[in-house]
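Reader: Could you take me through one part of this model closely, with attention to where its side chains sit and what they pair with? I would prefer one connected account to a list.

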Amino acid sequence: MINTIQARVIGAMRYSMDNGVKGAKLTVMNEADANNENRVGYEVATISAPYEILDQIRPYAANMPCNLEIDAEMRTTGGKITMHAIAVRKPSTAQATAPASEPKQAAKS
C-alpha cells in the first residue's frame with residue numbers, strides 16, 4: 001500500500017556496495033504529536049529509498065531542510081514495519097513550499 005506523506009526532509013544519502021547492493025535513505029523531521037504526553041519537540045526518522053531517488057531530491061538541496069511530499073510504501077522487515085520512499089516532489093500546496101526564512105513582500109502603497 002502506497003501512502004503520500006508530507007515531511008520536512010533534512011537530508012538524503014545513497015550508497016553502492018561492492019556486492020551490487022544499492023540504496024538510499026531520507027532523513028526527515030516532523031513535530032511531535034501535541035496530544036502525546038510522552039513526546040515534545042521534533043521526531044527524526046529515516047526512510048529507505050531506491051538509489052535513484054537522490055536525483056529527485058537534488059533540485060531541492062539548496063533549500064534543505066524543506067517540506068516535500070513523499071510517496072512511500074509500508075514494508076515489513078524483521079518483524080517491524082518500515083517506510084520505503086518511491087517518489088519525492090514539492091508539496092501541492094503553495095503554503096507548504098515557502099521556506100520559513102523567506103521574507104514576506106511588503107505591501108505596495
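Author: Buried residues make up 25% of the 109 residues in this protein, which is a predicted model. There are two helices and five strands, and from the N terminus on the elements follow the order β-β-β-α-β-β-α. Of the contacts between residues at least 6 apart in sequence, 48% join residues at least 24 apart, while the accessible surface comes to about 7900 Å², with 50% of that area belonging to carbon and sulfur atoms.

The part I would choose for a close look is the surroundings of H84, a residue placed in strand 5, which covers residues 80-89. Its relative accessibility is 10%, and because buried means under 20%, H84 counts as buried. Leaving aside residues up to four places away in sequence, H84 touches I47, S48, A49 and P50, and also D71, A72, E73 and R75. With one of these, R75, the side chain of H84 makes a polar contact of 3.5 Å.

R75 leads on to a charged pair, since it forms a salt bridge with E73 in which the closest N and O atoms are 2.7 Å apart. General chemistry gives the background: side chains of opposite charge can pair when their charged atoms come close. In contrast to the buried H84, R75 is partly exposed at a relative accessible area of 36%, and E73 is likewise partly exposed, at 21%. Salt bridges that share partners also join E69, D71 and R89 into one network, and D71 is among the residues that H84 touches.

The structure holds five salt bridges in total, and two others can be set beside the pair just described. R14 and D55 form one of them, with the closest N and O atoms 3.6 Å apart; R14 lies in strand 1 (residues 2-16) and D55 in helix 1, so this pair ties together parts that are 41 residues apart in sequence. R14 is partly exposed, with a relative accessible area of 28%, and D55 is also partly exposed, at 45%. In another, the side chains of R39 and E43 meet at 2.8 Å, N to O, with R39 partly exposed at 44% and E43 partly exposed at 33%.

A last point concerns the backbone, where a cis peptide bond joins M64 and P65, with omega at about 0 degrees. P65 is found in the loop between helix 1 (53-57) and strand 4 (66-77).

Note on methods: Residues numbered from 1 in each chain as written. Predicted model: local features only at pLDDT ≥ 70, side-chain atom pairs only at ≥ 80, totals over all residues. Heavy atoms only, no water. Helix = DSSP H or I, 4+ residues; strand = E, 2+ residues; numbered from the N terminus. Buried < 20%, exposed > 50% of the residue type's maximum accessible area, 1.4 Å probe, protein only. Contact = heavy atoms within 4.5 Å. Areas by Shrake-Rupley, 256 points an atom, 1.4 Å probe, with all protein chains shown as cover. Polar contact = N/O pair within 3.5 Å; in protein donor to acceptor, adjacent residues only side chain to side chain. Salt bridge = Lys/Arg side-chain N within 4 Å of Asp/Glu carboxyl O.
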